[in-house]
Amino acid sequence: MNLGKNSIYEKNLSRRNSEINISSLSFLFCEMVSYCHSNSKSISELENKLNILGYSIGAKILELNCYRENILTIKKQLKRELKIIEILQFIHTVIWKNLFSKMADELEKSQDIANEFMVIDNNPIISQFISVPRELKQLNCNAFVAGIVEGVLDAAYFQCTVTAHTVPRDGHPLRTVFLIKFDPAVIERENIRYGY
Amino acid sequence: MSKAVRTAADEIWKNRVEKINVELFTLTYGSVVSQLCRDLNNNYCEVNKQLEIMGENIGVRLIEDFLARTGAGRCNSFKETGEIISKVGFKIFLNIVPQVTNWTDNGKQFSLVFDENPLAEFVELPDDGKAVKELWYSNVLCGVLKGALQMVQLDVDVSFVSDVLRGHDQTEIKLRLIRYLKDEIPAGED
């Protein structure tokens, strides 16, 4: 490991050059999807591959954002959310804003199933790059973002699976629901800890 | 000319480009490279090749975006091409302006030297002793340049010379003009 002066650990967390052309990301993302597509036999396999790619960056994003939120702001303390609802709000606002320059549109709890939550984005940036061919109609490339969310939650000790579903609404044809299904143990822990 | 080009590129970057946080891009690229390393069993030479192929696919499409945004005409010389790649191409896509340097006397080869590289932020190569010798982490850039230039009739050999990730002093990509391609009629559909 390089621990010299120029190592990544010595670099400033807040950076000057913070923006890039959205086209560059779209080109990269398209290549990524087509690479995964060429190695997959089914849509679910393709979505799974995209999920894995997202998952691996989720943990990094959590750490980076926790440091930024807490150390670089006035709070000067390192804090990580412990309640389900708080970590979800953190994702809905802080993480979404950092990744996509906007907040997610809705955050909902399933009425019927105790361990299911939903983060909803009316116009996900990733979908704007992709026109899905008819034979892949069920594909939602936001599986990648679902992977990121899963990675963030897992790194924060909220084991879950996250899937992306297209649920269009008037005026929002690309509206995507990120369905978060927590491991029952997570719910149990929360009940013990906070006595609901 | 140089200054006018720079101002025009700044104007395009400011007003005609939709932007996004660079970190999503950086991390996404990192995720792709590490997945390739896994898929190809850490055969870094193969990873370099695959990254170059992906880059070429991007390049042949990116040139359309570039021409549409800039309305740039044909360059009069390879020297001008070098300036445009750095001051306009890199500026509007990655918001960086690499230095154009190390021209050979015949004007057919130059280098781009990068002070910053958005692909390689937060990156450390695996310390297996092999990656620092074999992997060109940002090799996708070579592919992009090659693919894009091919679409404007320039057959160019593009390769990394050095990379700070490998512990070198600077990150440098070398571009060598092989030949001008003739305007060929595209192969028919049938």
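This is a short conversation about helix packing and the nonpolar core in a predicted model.

Trainee: What should I keep in mind about the numbering and the model?
Mentor: Residues are numbered from 1 along each chain as its sequence is written, and chains are lettered from A in the order in which they are written. The model is predicted, so local features need pLDDT of at least 70 and side-chain atom pairs count only at pLDDT 80 or more, while totals for chains, interfaces and linings use all residues.

Trainee: Why is α1(A) called oblique to α3(B)?
Mentor: The axes of α1 (residues 22-38) of chain A and α3 (residues 44-70) of chain B cross at roughly 140° and come within 10 Å. Angles under 35 degrees count as roughly parallel, over 145 as roughly antiparallel, 65 to 115 as roughly perpendicular and the rest as oblique. That crossing angle therefore makes α1(A) oblique to α3(B).

Trainee: Which residues make that contact?
Mentor: Contact means heavy atoms within 4.5 Å. On the α1(A) side, F27(A), L28(A) and Y35(A) are among them, and they face a set in α3(B) including M54(B), I58(B) and L62(B). By class, this contact has seven nonpolar, three polar and four charged residues.

Trainee: What makes α1(B) roughly parallel to α4(B)?
Mentor: Helix α1 (residues 2-15) and helix α4 (residues 78-94), both of chain B, pack at an angle of about 15° with their axes 9 Å apart. That angle is why α1(B) counts as roughly parallel to α4(B). Among the residues that meet are V5(B), A9(B) and W13(B) from α1(B), with I84(B), V88(B) and I92(B) from α4(B). The contact divides into seven nonpolar, one polar and five charged residues.

Trainee: How do you know that α3(B) is roughly perpendicular to α4(B)?
Mentor: Their axes come within 11 Å and cross at roughly 100°, so α3(B) is roughly perpendicular to α4(B). L62(B) and F66(B) of α3(B), and I84(B) and V88(B) of α4(B), are among the residues making the contact.

Trainee: What makes a set of residues a nonpolar core?
Mentor: A nonpolar core is a set of buried Ala, Val, Leu, Ile, Met, Phe, Trp, Tyr and Cys residues joined through side-chain atoms within 4.5 Å, where buried means under 20% relative accessible area (1.4 Å probe, protein chains only). The largest one here has 114 residues, and F144(A), L153(A), I180(A), F182(A) and L175(B) touch the most other members. Helix α3 (residues 84-100) of chain A gives the most to this core, with 10 residues.

Conventions: Heavy atoms only, no water. Axes fitted to C-alpha atoms, helices over the stretch in contact; angles between N-to-C directions. Helix = DSSP H or I, 4+ residues; strand = E, 2+ residues; numbered from the N terminus. Nonpolar A, V, L, I, M, F, W, Y, C, P; charged D, E, K, R; others polar. Buried < 20%, exposed > 50% of the residue type's maximum accessible area, 1.4 Å probe, protein only.
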